[in-house]
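The exchange below asks on what grounds each description of a structure rests. Please keep the structure in view while reading.

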Number of protein chains: 4
Amino acid sequence: MDSILIETEKLDRPQEECGVFGIYGHPQAAPLTYYGLVALQHRGQEAAGIATTDGTNMYSHKGLGLLTDVFKHGELEGLSGYAAIGHVRYSTAGANTLQNAQPITLNTHARNFAIGHNGNLVNAKWLRIRLEQEGSLFQTTTDTEVIAHLIAKAGAQDLTEAVASAVQQIQGGFSVVILGNDELIAARDPLGLRPMVLGQLGDAYVVASESCALDTIGAEFIRDIEPGEVICIDAQGLHASRFATRRARKMCTFEHVYFARPDSDVDGWNVHAVRKRLGGILAEQYPADGDIVIGVPDSSVSAAAGYAEASGLPLETGLIKNRYIARTFIQPSQELRDVGVRLKLNAVRSIVEGKRVVLIDDSIVRGTTSRRIVRLLRSAGAREVHVRISSPPYVSPCHYGIDTASEGQLIAANNTVQEICELIEADSLHFLTVDDLMAGFGFAKGDAVPFCNACFTRNYPTALIDQSLSSPHHELVHVGGATVGSL
Amino acid sequence: MDSILIETEKLDRPQEECGVFGIYGHPQAAPLTYYGLVALQHRGQEAAGIATTDGTNMYSHKGLGLLTDVFKHGELEGLSGYAAIGHVRYSTAGANTLQNAQPITLNTHARNFAIGHNGNLVNAKWLRIRLEQEGSLFQTTTDTEVIAHLIAKAGAQDLTEAVASAVQQIQGGFSVVILGNDELIAARDPLGLRPMVLGQLGDAYVVASESCALDTIGAEFIRDIEPGEVICIDAQGLHASRFATRRARKMCTFEHVYFARPDSDVDGWNVHAVRKRLGGILAEQYPADGDIVIGVPDSSVSAAAGYAEASGLPLETGLIKNRYIARTFIQPSQELRDVGVRLKLNAVRSIVEGKRVVLIDDSIVRGTTSRRIVRLLRSAGAREVHVRISSPPYVSPCHYGIDTASEGQLIAANNTVQEICELIEADSLHFLTVDDLMAGFGFAKGDAVPFCNACFTRNYPTALIDQSLSSPHHELVHVGGATVGSL
Amino acid sequence: MDSILIETEKLDRPQEECGVFGIYGHPQAAPLTYYGLVALQHRGQEAAGIATTDGTNMYSHKGLGLLTDVFKHGELEGLSGYAAIGHVRYSTAGANTLQNAQPITLNTHARNFAIGHNGNLVNAKWLRIRLEQEGSLFQTTTDTEVIAHLIAKAGAQDLTEAVASAVQQIQGGFSVVILGNDELIAARDPLGLRPMVLGQLGDAYVVASESCALDTIGAEFIRDIEPGEVICIDAQGLHASRFATRRARKMCTFEHVYFARPDSDVDGWNVHAVRKRLGGILAEQYPADGDIVIGVPDSSVSAAAGYAEASGLPLETGLIKNRYIARTFIQPSQELRDVGVRLKLNAVRSIVEGKRVVLIDDSIVRGTTSRRIVRLLRSAGAREVHVRISSPPYVSPCHYGIDTASEGQLIAANNTVQEICELIEADSLHFLTVDDLMAGFGFAKGDAVPFCNACFTRNYPTALIDQSLSSPHHELVHVGGATVGSL
Amino acid sequence: MDSILIETEKLDRPQEECGVFGIYGHPQAAPLTYYGLVALQHRGQEAAGIATTDGTNMYSHKGLGLLTDVFKHGELEGLSGYAAIGHVRYSTAGANTLQNAQPITLNTHARNFAIGHNGNLVNAKWLRIRLEQEGSLFQTTTDTEVIAHLIAKAGAQDLTEAVASAVQQIQGGFSVVILGNDELIAARDPLGLRPMVLGQLGDAYVVASESCALDTIGAEFIRDIEPGEVICIDAQGLHASRFATRRARKMCTFEHVYFARPDSDVDGWNVHAVRKRLGGILAEQYPADGDIVIGVPDSSVSAAAGYAEASGLPLETGLIKNRYIARTFIQPSQELRDVGVRLKLNAVRSIVEGKRVVLIDDSIVRGTTSRRIVRLLRSAGAREVHVRISSPPYVSPCHYGIDTASEGQLIAANNTVQEICELIEADSLHFLTVDDLMAGFGFAKGDAVPFCNACFTRNYPTALIDQSLSSPHHELVHVGGATVGSL
């Protein structure tokens, strides 16, 4: 196949790893999980799956692609039962095989269960080596399978206890949903790095990575799942307990800056509102002599509105995003190579021509997309392009569930702001400071903040255990995903 | 199959019928056409196709679905040649069969040719009856096949002459692209109801429904194709001529109000700029005692920005649109039935709670979506919802290429503004007048305007010939599209 | 795509062009048609389709591939109605596009109808030119569309009359089924070149290319459709009439020699029985000094049984045919190139080793397969290979519906029997004479026989009108079949 | 989905569980494995897969369906390397999920490896419980995963040693192929219940379930793999050793009676030759007053030829098998329900009418198919039907890799021969005795025979360990196989 998918955003944005959803106690568990996952589809577009239970048997289906691809031939109808978990997955290209899709379904001595996971562990490799030395056999390359093995080895009669025992051994960022024969279990990492919320729909309980999934299915938001908390929902109702002692929270700032849907409330803050405040702070701290304000769609629209409001400059839709996904093809001619960016974004000449543009973006990772956008605006006639970024310079990779470039590829890790400004060919460039960022959440300078800002500060809230280990394995490559026969 | 696609927008918005694209003189004609069509994908998502010529043979491929679906297995590689036309199609559910996908490829006595068409004819049925009586045989239910028969019957040696002869016989709105063995022909209806632009990419000429397709492939905009003009591009270059005498233009206002991409320039006006002006006029004429302004995404975002700017009220992203398409399933429970709207749109509680919302939308067709959005906002805590529409009441169906509900279903055709306000459960409601609308384009009251506003005024610029004819045929239903065998 | 399908049989056997089926008056018309077509699948594996009527609307579905491929997602369920026609299609590689799949559904002035056709016309090109000059527009390259145009132009109010008028104008071999809004029409060419039978299932009437389709659905065989007969079945029952005067029949011998299923009765003779008799005659006329008799599976198994019985030699299963279809891939190494034959046929060493084999085959077209089989037997240890062919030398292409190599490629058209014997590396070779062949049907030398033996005698029973015309058209290539979108 | 696949053979024949193939030392390892598996496709049609190694990385692809389905989009091209294993799988409906397709690829502490397996273990459940109690986690329901866990737990540095250790713990019938990073390992169960052969193609070594796979790729047969033997092929060449002491062989008679391809040599006997001898013995022992001999295609054709030859009765092709697979649909009418059998088999009236038929079949399992065939013959006019079975009454289920009905469903386990004769509505019925069967292999009454005849004698050559264990698990159902996304 001599074609290849080049999504500009994919190459130059941090990537969320997954979204999870779970429901217990509803006769339409599978379709509700499907709808909930659609609301979380922005968290992962490369694989999706749902597992259900009717108390006797468990049913599952998963596949590569968007939910509409995976569930297009009536597979939902086979997913009987009153409880379900679901998963949408982002993955790096090499490992996007069906093998790694989730939920994973497992048989242990004690039971069947299914598990789905959002996040990244910092000791998964270490645990895997230990488990393999003890004879465990791995069929995927996911952290999720490590957690599953720990659950299987826990030896507890009670699945919640087994899960609690397992999650005590893992470190890093995780939101896990587990479906047992007649129970739904959810657990969130002790620092609260990855988000998870709890809701209610009639008599049914719902858990999800973001509150927009609750809204979509009409469920009421109850509360965020607490960091270090494990929740079990079964016929007796909801039982919450802690598997880790309470400590300082370290919620991921980047969920607010970029990932989460603007209509979600994450740990008490509405995402849109935070972004708009950050835009306002940006305007106050780093004013620009511009004529119009333009946000990079979609993630920077809120910040741009905040900037415009605070600065008094008009907000314009000077960049239009094409809502339709396209493939681009490797082509000999330069003409076709340049099409890639413009397939996704187009600058509106009649808006930007002759204007001094203040361009609001949420972050700069490698810098290539920023430069392309600046050039796009200039070629549409913009007289000046002043770039304002609604977060601090991104200087260090995330180890808790966000897939960015390596440190060597991070433009801000290797260049001063002035150098970045030149590299992206902007007329001026400003980032927020970490204090500015925290101010967007209402914190004053010097306050103890409940956030992980490691990507901006290199100050990781956990040890990075696996960093010291090298991979002992050759690679296993699954070719072409899976095929369903025609018979 | 007991599932069904319910897209809220589909049920309650006017539907564009198609987008066309053509290129002559480029070695990468097929991929450029693909990219150009991706930029036009908003004009039709139900079928797509491309035909090419290398001067000796013609090649074509078309299918149901989005471009990524239709061209996913390397079919582009088989489309050799230096000239191409392409088509994206919207269609009503019943007729969305491969049979009706375009371009249609045909063999006549004189030649092979391929044809793609955007628009709707008012005398297609009449012509079809005449042609059938003369022995013509129809394999599709498209107007396009009528045009093809007229070309075939023209008897001219020269394809351009045959096309000119054919388009003189048809009435209504149309932008047609025709690919001959070594020529590309484009024609636009005499009133200019449907848009079409001409561009240049190096030595190659390009035609497209909207200028955003030129931008995407990096082509330079030359000019709009004139109403009544037929253009032929071949090895000798570009030859423009008229097939109809110049008369007053009647360009479709609704392209600006709703259909076209905001970054397109249509007949000299930038779409975003017009929409923003309409929002400004709306604010001046129909102010509201609100706290925040919210636009219905995506089409009303520009108008909302104009309203906010003119009114001084803050613009908020209070409605979030899910970018991912989902199926909804017919379900017994009311809970699941209500999911439909929320899968597409969600209201942000933290933004709208306790607020008096000014909701900007571009049009109200049947009113059901408007009511759902008002309810959505209220259930998220909005104190008041004042609806402002950036176009006049939509009172009469379009016959020139836009698929709306029948007059009986048009809420504004059957209710006063006050009644509509109550039906959609808003606190207040205002529409623009036709004069306001025209003011958005810079025309003063009483000016002769180059627009068709028939959907607002019932004043159709052509006779509606087919209206008097009843269908002589039973229906032909194509089940399940086409299947490609696995061998 | 660097893979290609090489089926040995496909390269070196005559290819039947199609199978047709029709039923009127059964509530399960579509599934019965599906089953009937499965029984006719040997007549065409490259496309399939069914059209139905419920008296008000017509429904159709067709696609590329085997029936199981085309009807695998419940499409049968959408094919409502009490009457149906169906079609399985063989085609040469280039033209195997969905465009050419059948039944073709059409709208004329007077009505909708669907048509399927088995056979080949000798004046299709001539008629097409005339029709195109009169303004008819062709969307496929099939003879079927020519017949459809003739029906449309017939001007008759009554569909049966229109069909009769159309089939009077066409010449060659044809079995046609036509489905009207409330009637099923079938017509067979005046010479009876292509077969068609009539049956009854309860109150329903059935027509089919071969009687095995009647057996499969449990229908009773009534009689063969007469050459020159047109049959109309509607609510009033069955009406048979003639569109051509009765003349000497010229039924295709090759249906008996190779194409038809052995369990079919074709025009009064059981296919297996004829083949077995031909084997017996072969043994009597051309005895061989062999140890064992082996037939080339599947088509020569009956003849081999006849040979063994008549010669007293043991019949052995020395060649095994793999029932599963495989792709072969173009490979650099000779090793892999040779795999092609062996994927389909394997020689059983323990049977043939040291033996003098009498190999029975039904025909030799290009000779390449015969040589491969002889070599296969020798490499498995056969001491001698004596080839006996149960038909005369194939010296001239068929123009009535069988796709063979051109005359230049026919080994018997260009070589003596002795030369062929050497070319295929056999120890001895004998063919039947035409008189021997006729004896298999019970005719004595000199009898007037009701068969077309043109492929053996070059004595064509019709003029070959199109032979003198050259193609006026460039080619239209449909790339990649059609794609069904995923939405 | 309201359609269901009913293959008559599937319901009423023993089912082979799998076929395996391996090659080491050929640059075209993947395509050769594909071709080899095509030759083994009769051993399993429900899933297929190939894993390869290039010494550094391993590559794999598998899917549901026939090989042509699974490898239809160029997946073979991604399977690099000089060594490969492949697998075709039969499975009962419930468990036919991608999850259970093979080869399974695994990561252990020490290495990556892939494994494929033909056969059935009698202590798999027992071992699984032990492994799960020790913390092993199962993701499939296959015996293969049990073997994989044993290999992983073996702790040996050397993969061959680990395999040897694993296969010492398992009991039952098995032919296993394992692919390591730079080695191919094959092992056969100590009794030789399941077959496996060794061959050579140039410098490359090949292993396969049947010799026909060697023939197909042009490899030379070297010898059968010995029962209890483990073979390792790597850069140093072939190393054979034993993991179990030599003891009396117990090769599966049913491979000869029904499963294996007639052109295969299994453990020294050619399958066709054995079947033909069994037919001869049947004729001698149980003559019938018949006019013609008919074998049930395809498996009984050899035996029928033997019967005809020995009896002097003519062999006729009175039953025709449709080579094309079809779905049947659950239908309200009896008419359609009866279609099922006739889609697969048709009786030739002109052959059987008025005749006393001697019907040769290889076995009777549940008896339903036999009755249908008898009825089919009678309805085609057969005067008498005398059934002769070329094996003894099938009275007891196989536990070594053949999937038959349970004992309660086995007609011969619950009825006398006379009763069976009446149940299947035959005029007379005779089976071979076990002594007759053994005579077909050249053994005299009383000889110690190297065969497992447990299905005829209830004399199992191993303990049936798992029989005493009840399933501790609820079921895990995978819905709809896997889906590959469209992006």
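Q: What does the secondary structure of chain A come to?
A: In this predicted model, chain A has 18 helices and 28 strands.

Q: How do you know how confident the predictor is in chain A?
A: The pLDDT, a per-residue confidence from 0 to 100, averages 88 over chain A, and 89% of the residues score at least 70. The model scores ipTM 0.84 and pTM 0.84.

Q: Where does pLDDT stay under 50 in chain A?
A: One such stretch is residues 1-11 of chain A, for which the model has 18 contacts beyond four places in sequence. Another is residues 482-487 of chain A, with 35 contacts beyond four places in sequence.

Q: How do you know what share of chain A is buried, and what share of its contacts join residues at least 24 apart?
A: A residue is buried if 20 or more other C-beta atoms lie within 10 Å of its own. Buried residues make up 65% of the 487 residues in chain A. Among the contacts between residues at least 6 apart in sequence, 71% join residues at least 24 apart.

Q: Which domains does the assignment give for chain A, and where do their centres lie?
A: The domain assignment gives domain 1 (3-250) and domain 2 (270-445) of chain A. Their C-alpha centres lie 33 Å apart.

Q: Which residues does UniProt list for "binding site", and what makes them one spot?
A: The unreviewed UniProt entry lists A:Cys252, A:Cys398, A:Cys452 and A:Cys455. They span 204 residues in sequence, yet no two of their C-alpha atoms are more than 10.0 Å apart, so they gather at one spot.

Q: Why is A:Cys452 called buried?
A: The cut-off is 20 or more other C-beta atoms within 10 Å. A:Cys452 has 25 within 10 Å and is therefore buried. This residue is found in strand β27 (residues 451-452) of chain A. Leaving aside residues up to four places away in sequence, A:Cys452 touches, among others, A:Leu191, A:Lys250, A:Cys252 and A:Tyr400.

Q: Is A:Cys455 buried or exposed, and what makes it so?
A: With 30 other C-beta atoms within 10 Å, A:Cys455 meets the cut-off of 20 or more, and the conclusion is that A:Cys455 is buried. A:Cys455 is found in helix α18 (residues 454-457) of chain A. Beyond four places in sequence, its contacts are A:Phe254, A:Tyr394, A:Ser396 and A:Cys398.

Q: What makes β7 and β15 of chain A edge strands?
A: They belong to an open sheet of six strands with the order β7-β8-β9-β10-β14-β15 and antiparallel pairing. Strands β7 (104-107) and β15 (237-242) of chain A each pair on one side only, as edge strands. From one strand to the next, the twist averages 20 degrees.

Q: How do you know that β10 and β14 of chain A pair?
A: Two strands pair if there are at least two bridges between them. Strand β10 (residues 183-188) and strand β14 (residues 229-234) of chain A share five bridges in the antiparallel sense, so the condition is met. In β14(A), A:Asp234 is the bridge partner of A:Glu183.

Q: Which helix lies across β7, β8 and β9 of chain A?
A: Helix α5 (residues 143-153) of chain A does, running at about 130 degrees to β8(A).

Q: Why is B:Ile420 counted as buried?
A: B:Ile420 has 22 C-beta neighbours inside 10 Å, set against a cut-off of 20 or more, and therefore counts as buried. B:Ile420 is found in helix α16 (residues 417-423) of chain B. The C-alpha atoms of B:Ile420 and B:Ser370 are 9.9 Å apart, although the two are 50 residues apart in sequence.

Q: What makes strand β4 of chain D largely enclosed?
A: Seven of the seven residues of β4 (residues 47-53) of chain D are buried, so the strand is largely enclosed by the rest of the structure. Both faces are covered: D:Ala47, D:Gly49, D:Ala51 and D:Thr53 are buried on one side, and D:Ala48, D:Ile50 and D:Thr52 on the other.

Q: How do you know that β4(D) pairs with β5 and with β6 of chain D?
A: The condition is at least two bridges. Seven bridges join β4(D) to β5 (residues 58-64), antiparallel, and seven join β4(D) to β6 (residues 83-89), also antiparallel. D:Ser60 in β5(D) is the bridge partner of D:Ala51, whereas D:Thr52 stands opposite D:Ala84 in β6(D).

How values were computed. Residues are numbered from 1 along each chain as its sequence is written. Chains are lettered from A and ligands numbered from 1 in the order in which they are written. This is a predicted model: local features need pLDDT of at least 70, side-chain atom pairs count only at pLDDT 80 or more; totals for chains, interfaces and linings use all residues. Domain bounds come from an automatic or database domain assignment. UniProt positions are given in the numbering used here, feature names are shortened, and annotations may be inferred rather than shown by experiment. Helices (H or I, at least four residues) and strands (E, at least two) are DSSP runs, numbered from the N terminus. A residue is buried if 20 or more other C-beta atoms lie within 10 Å of its own, exposed if 12 or fewer, and partly exposed in between; C-beta atoms are placed from the backbone. Two residues are in contact if their C-beta atoms, placed from the backbone, lie within 7 Å. Axes are lines fitted to C-alpha atoms, for helices over the stretch in contact, and angles run from 0 to 180 degrees between N-to-C directions.
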